[in-house]
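Got your viewer open and a hand on the mouse? Let's take a walk through this model, one selection at a time.

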Amino acid sequence: MIKELKEAFRFAASISFWRMAVFWTISLFISYFHLHTNWIFSRRLQSYPRCHPPISESLTPVCIITGAASGLGAAAAHALSREGFFVVLVGRSSHLLSKIMTEIKTQNKGAHVKAFVVNLASFQSILEFKSSLQQWLLDCKLHCSLQLLINNAGILATSSRTTPEGYDQMMGTNYIGPFCLTKLLLPLLKRSPVPSRIVNVTSFTHRSVFDVQVDKESVSGTRFLRSEQYPFARLYEYSKLFLILFSYELHRQLGLMDQPYHVSVNAADPGSVRTNIMREVPSCLSSLAFQVLKSLGLLQSPKNGVSSLIDAALAPPEASGVYFFGGKGRTVDSSVLSHNTKLAKELWDISDNLFMEASLDFKETASS
């Protein structure tokens, strides 16, 4: 008990803790402020209806959800299986994935579910998943395409750790991994006979970033591994901002194709949701944070918080480059910085270089 209290006091004295407590709370209020002022001043909200996925004898829509072993990912898997998707669960724990599969099949007898153990912080694991996925599609005699990819996996690491490639683990899991996975699966999304979609799950915490240096060291997170005190709150904010910049740049590039928006991409912000994202934060502090958010009426369960993810996933095909927040198909503007097209292009180029470097390293290792 004394050891836990000492750890809590040490944590509460850190800059990252106060950044979370102050900046993140303000950022959440700003998101809701945008949501309500849109309605007050325009008397209407920009919202989109949900469309049912196209299901036929020749096509069972396939949906991949990362971080599906718990929380929002598991809630999204339950919801989309009811919509008729063949849901592919991706996570790090085979035990938890099996548990979610059992729960889905118990509640929905006709559900189609498959699970793959993947470490999104490892490029090799992502490559192996792509290969296994393609083989599975062939073995099941499903159309060799993908209709929906939800990049939901994310961590809040309070201590510095590295990926097999030497990147910061939080940046690898929250941004580099989703970028690489999307790049690898984009051909399957383009091959879909019906409009397909990518949903990147981001966070209101991106609003806490007012300026960012986009270079290889920042994007890979290696710059922060040398810090005397690991700035985990700032790194988490960066990873979520990068996901939005990536979403908007991918939306722009897809719009230049011969079939614009055959593949669409949206960002989804679930708001504040009670998940295990804060499992590395001292339990007394995370419990206090949840209690404060609950008293303010801002804390949601995964079942309710998943609404914006499902809205982003099932919006009409023409809805692309949109930031969903608040449920009921509603959207708001993300931060001004997230709309910086120059920054988005620079981020894309650096991320693409990291992707190419990892691909070459993997090929060299495989051939040796």
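One word before we set off: a residue is called buried when its relative accessible area is under 20%, and exposed when that value is over 50%. Also keep in mind that what you have on screen is a predicted model.

**Stop 1: strand β5**

Select residues 196–201, which make up strand β5. In a regular strand, side chains alternate between the two faces of the sheet. Show the side chains and look along the strand: Ser-196, Ile-198 and Asn-200 point one way, while Arg-197, Val-199 and Val-201 point the other way. Every one of these residues is buried. With six of its six residues buried, β5 is largely enclosed by the rest of the structure.

**Stop 2: the neighbours of β5**

Now add strand β6, residues 263–269. It runs parallel to β5, and six bridges join the two. To find one of the links, click on Ile-198: its bridge partner in β6 is Val-265.

Next, add strand β4, residues 148–151. β4 and β5 are also paired in the parallel sense, over four bridges. Here you can pick Leu-149 in β4, whose partner in β5 is Ile-198. Which residues of β4 sit on which side? Leu-148 and Ile-150 are on one side, Leu-149 and Asn-151 are on the other, and all four are buried.

Want to see how the chain gets from β4 to β5? Colour helix α6, residues 169–190. Together, β4, α6 and β5 make a right-handed β-α-β unit.

**Stop 3: Ile-65 in strand β1**

Move on to residues 62–66, strand β1, and click on Ile-65. β1 pairs with β4 in the parallel sense, over three bridges, and Ile-65 stands opposite Ile-150.

Is Ile-65 buried or exposed? It's buried, because its relative accessible area is 0%. Turn on contacts and you'll find who is around it: leaving aside neighbours within four places in sequence, Ile-65 touches residues including Ala-76, Leu-80, Val-88, Val-90 and Ile-150. For a distance to try yourself, draw a line between the C-alpha atoms of Ile-65 and Thr-182: they are 12 Å apart, with their positions 117 residues apart along the chain.

**Stop 4: the cavity**

How many cavities of 30 Å³ or more does the structure hold? There is one, and the largest cavity has a volume of about 80 Å³. Select Ala-121, Phe-123, Glu-165, Tyr-167 and Ile-176, the closest to its centre of the 14 residues that line it. Two or more lining residues come from each of α5 (123–139), α6 (169–190) and α13 (341–367). You've met α6 already: it gives the largest share of the lining, four residues. By class, the lining has nine nonpolar, four polar and one charged residues.

**Stop 5: two lysines in loops**

Most residues other than glycine have a negative phi. Now for two that don't follow that pattern. Go to Lys-141, in the loop between α5 and β4. Its phi is positive, about 60°, although it is not a glycine. Lys-141 counts as exposed because its relative accessibility is 78%.

Then jump to Lys-328, in the loop between β9 (323–325) and α13. Its phi is positive too, near 55°. With a relative accessible area of 71%, Lys-328 is exposed.

Definitions and conventions: Residues are numbered from 1 along each chain as its sequence is written. This is a predicted model: local features need pLDDT of at least 70, side-chain atom pairs count only at pLDDT 80 or more; totals for chains, interfaces and linings use all residues. Side-chain values use heavy atoms; hydrogens and water are left out. Buried means under 20% relative accessible area, exposed over 50%, partly exposed in between (1.4 Å probe, protein chains only). Contact means heavy atoms within 4.5 Å. On a 1 Å grid over the protein atoms alone, a cavity is a set of points where a 1.4 Å probe fits but cannot get out, and a pocket is an open set with protein on both sides within 12 Å along at least five of seven lines; lining residues have an atom within 4 Å of a point. Grid points are joined across faces, edges and corners, and a volume is the space filled by probe spheres set on the points. Ala, Val, Leu, Ile, Met, Phe, Trp, Tyr, Cys and Pro count as nonpolar, Asp, Glu, Lys and Arg as charged, and the others, Gly among them, as polar. Two strands pair if DSSP finds at least two bridges between them. A crossover is right-handed if, with the strands pointing away from the viewer, the path from the first strand over the helix to the second runs clockwise.
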